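Biologist: I am new to this structure and should be grateful for a close look at a single part. Could you take the sheet that involves both chains and explain what surrounds it?

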Amino acid sequence: MVDENSTGIWVIGEEKEGKLAPVTLELLTIGRQLADSLRQELVVVIIGHQLEHMSRLLVDYGPDKILLVAGEETRYFIPETYSEVLSALVEQRKPFAILFPATYDGRDVAARLAAKLGVGLAADCTDLKIDEAGRFVQVRPAFGGNLMAVIHQPTARPQLATLRPRMVKPNKSGRKVSPSVEYIKPRISAKPFTKSLLRTVREVAEESGNLDEAEVVIGVGRGIGSSENMRIVNHLATLLKAAIGGSRGVVDAGWLPHTQQIGLTGRVISPKMYLALGISGAVQHLVGVRTAKEIIAINKDPEAPIFKVATFGIVADMFSVIPLLAKELEPPAPQTT
Amino acid sequence: MRIVVCVKQVPDVAEIRIDEVTHTLVRAGVPSILNPFDEFAVEEALRIREKHGGTITAVSMGPLQAKEALFKCLAMGVDRAVLLTDVFFAGADTWATAKTLAMAIQKLGYDLIICGMKAVDGETSQVGPEIAELLGMPHISYVKRVEVEMESKSITAERMTEQGYQLIRATMPCLLTATKALNVPRIPTLLHQMAAKKKNVEIMKAVDIGAQREEVGLPGSRTQVTKVYTPQYRTGGGTILTSENLPNAVATLKELLKKERIV
């Protein structure tokens, strides 16, 4: 079943409303390392509608080839059609491995492609590498991050993996070779079913950022007390350019939308800094922030378990800390004469 | 309307501890539960049946003790429970699991399939969409609201995204994966729990779903776990200041933010 001639590391980029998701550049950075170790080419595939401006966003991150699949049929993300497009390309060009972002869309299309091709898929990886024997190795957490599994895919090609956002820093490759760019028209077969996107709704303000992408995430616990009190947190978030997430209690109370819940039944995030305000630190919450580089805890209960994982903490009421911190961070008021 | 709900018995992840000496996972004494996301799936199936009629079959692949998870589904109110259990199924990865479930679902009959958005032990979110692909149907993942339209045989659902949701319409048969935002699952009464224990969990083996040894379980799996280890996370030890001199503590925090180049 293994096609020994399969070659090339492919990265499936994510494009939304004309913008490239940062995780695409992270995938290219790790993809370049894999391709160099194997002396294979690195190919980036973007599927969408109007993609002419994409090449210049990608070129510095080291792809040997840029495939732009652009057409009316792929204007909106529909995993059933995106996986069909990719399946046709894979059958034709036989890559060695394909990397997807572990985002809502990335997981959807990767799973459908894996099932369509009958190949393996390692989900939500935190590290991807090539071992001494030239094998593709995937490392992924399970059991709420309590266990790490090292995975190989010896029996089928291509080998698929989704990588969590923020696992590597996007790195310009410094290569002088300019990649070839190829435009491909999507071909979609008639289906026995229909599926359509009726509307896209944004519930989180653009400036409050994406939990996957933000360097700083502020986590809010039930102690915030009301949705009105979220205003002072919003102000702090603006000063820190932070995204705001919260515990299950805050989401269940309706003070934050469901998209912002962090933890076992919410999202797993890896910011540079997690600022936990009035978060007690139940296991169910902590599994969502284990890969944060720094955890800053502010809680009035000195016994709160969050302090056990904090890199810095203040035992104090968040309502007394937030205004003081905001004042420290505010730009000095203009001098009046 | 034939609804199939795919469920899994999982260890209660919140109860798992790491042995501090051996750095291994302590699973002894950790209770097995119905995967929390599957509860939302079962609950939604019950609500759809209440509104539109039909039957609900809960299906699970696992060892014999996974019957317990299916008893919970019966106690919640599903009509029928099927356990796929066979030595042939052991060691399955997501592909082999999806293949086994898809073959069983084909035998059971379906108009709508609902799964949890992920299992809290494996955490892949892959089995649902893979089943949909294998059965040649559309899927809507990360669902937070569902409307079934019987005349047009279609589903309209809100699919959670990183910053909001998409409204998606798909024809049935269709597969959905449930998030926590979908509903609040009912808690079965003691009476219902006792009644469920008297009900039958049907057993299906590889031969019953027409699965060959090499296409399911470990031989059918495309991924192999070659090693597992417990990761080292920070265990605190950071400076914790009290509120005695709050302005000072806040100034220290600001210095930290500066050092990390956040401000």
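Modeller: The following account begins with the sheet shared by the two chains and then turns to its surroundings.

This is a predicted model, in which local features need pLDDT of at least 70 and side-chain atom pairs count only at pLDDT 80 or more, while totals for chains, interfaces and linings use all residues. Residues are numbered from 1 along each chain as its sequence is written, and chains are lettered from A and ligands numbered from 1 in the order in which they are written.

The sheet is open and has six strands in the order β15(A)-β14(A)-β16(A)-β17(A)-β18(A)-β15(B), with parallel pairing. Helices (H or I, at least four residues) and strands (E, at least two) are DSSP runs, numbered from the N terminus, and two strands pair if DSSP finds at least two bridges between them. The edge strands are β15 of chain A and β15 (239-242) of chain B, each of which pairs on one side only. On average, neighbouring strands of this sheet are turned by 15 degrees against each other, direction ignored.

Within chain A, strand β17 (residues 294-299) and strand β18 (residues 312-315) pair in the parallel sense over four bridges. There, Ala297(A) stands opposite Gly313(A) of β18(A). The step from one chain to the other is made by β18(A) and β15(B), which also pair in the parallel sense over four bridges. In β15(B), Ile240(B) is the bridge partner of Gly313(A).

Two helices pack on this sheet and may be described in turn. α5(A) touches β14, β15 and β16 of chain A, and its direction makes about 165 degrees with that of β14(A). Helix α8 (residues 246-259) of chain B touches β17 and β18 of chain A together with β15 of chain B, and its direction makes about 160 degrees with that of β18(A). For these angles, axes are lines fitted to C-alpha atoms, for helices over the stretch in contact, and angles run from 0 to 180 degrees between N-to-C directions. Two residues are in contact if their C-beta atoms, placed from the backbone, lie within 7 Å.

Helix α5 (residues 230-240) of chain A has four buried residues, Val233(A), Leu236(A), Ala237(A) and Leu240(A). Because they cover an arc of only 105 degrees around the axis, they lie on the same side of α5(A); the arc is that of the directions from the helix axis to the C-beta atoms. A residue is buried if 20 or more other C-beta atoms lie within 10 Å of its own, exposed if 12 or fewer, and partly exposed in between. The buried residues of α5(A) pack against β14 (216-220), β15 (243-246), β16 (273-277) and α9 (318-329) of chain A. After α5(A) comes Lys241(A), whose phi is positive, near 50 degrees.

The wider contact between the chains takes 77 residues from chain A and 73 residues from chain B. On the side of chain A that touches chain B, the residues divide into 41 nonpolar, 19 polar and 17 charged. Here Ala, Val, Leu, Ile, Met, Phe, Trp, Tyr, Cys and Pro count as nonpolar, Asp, Glu, Lys and Arg as charged, and the others, Gly among them, as polar.

Finally, the domain assignment of chain A, which is automatic or taken from a database, gives domain 1 (9-184) and domain 2 (206-329). Their centres, taken over C-alpha atoms, are separated by 31 Å.
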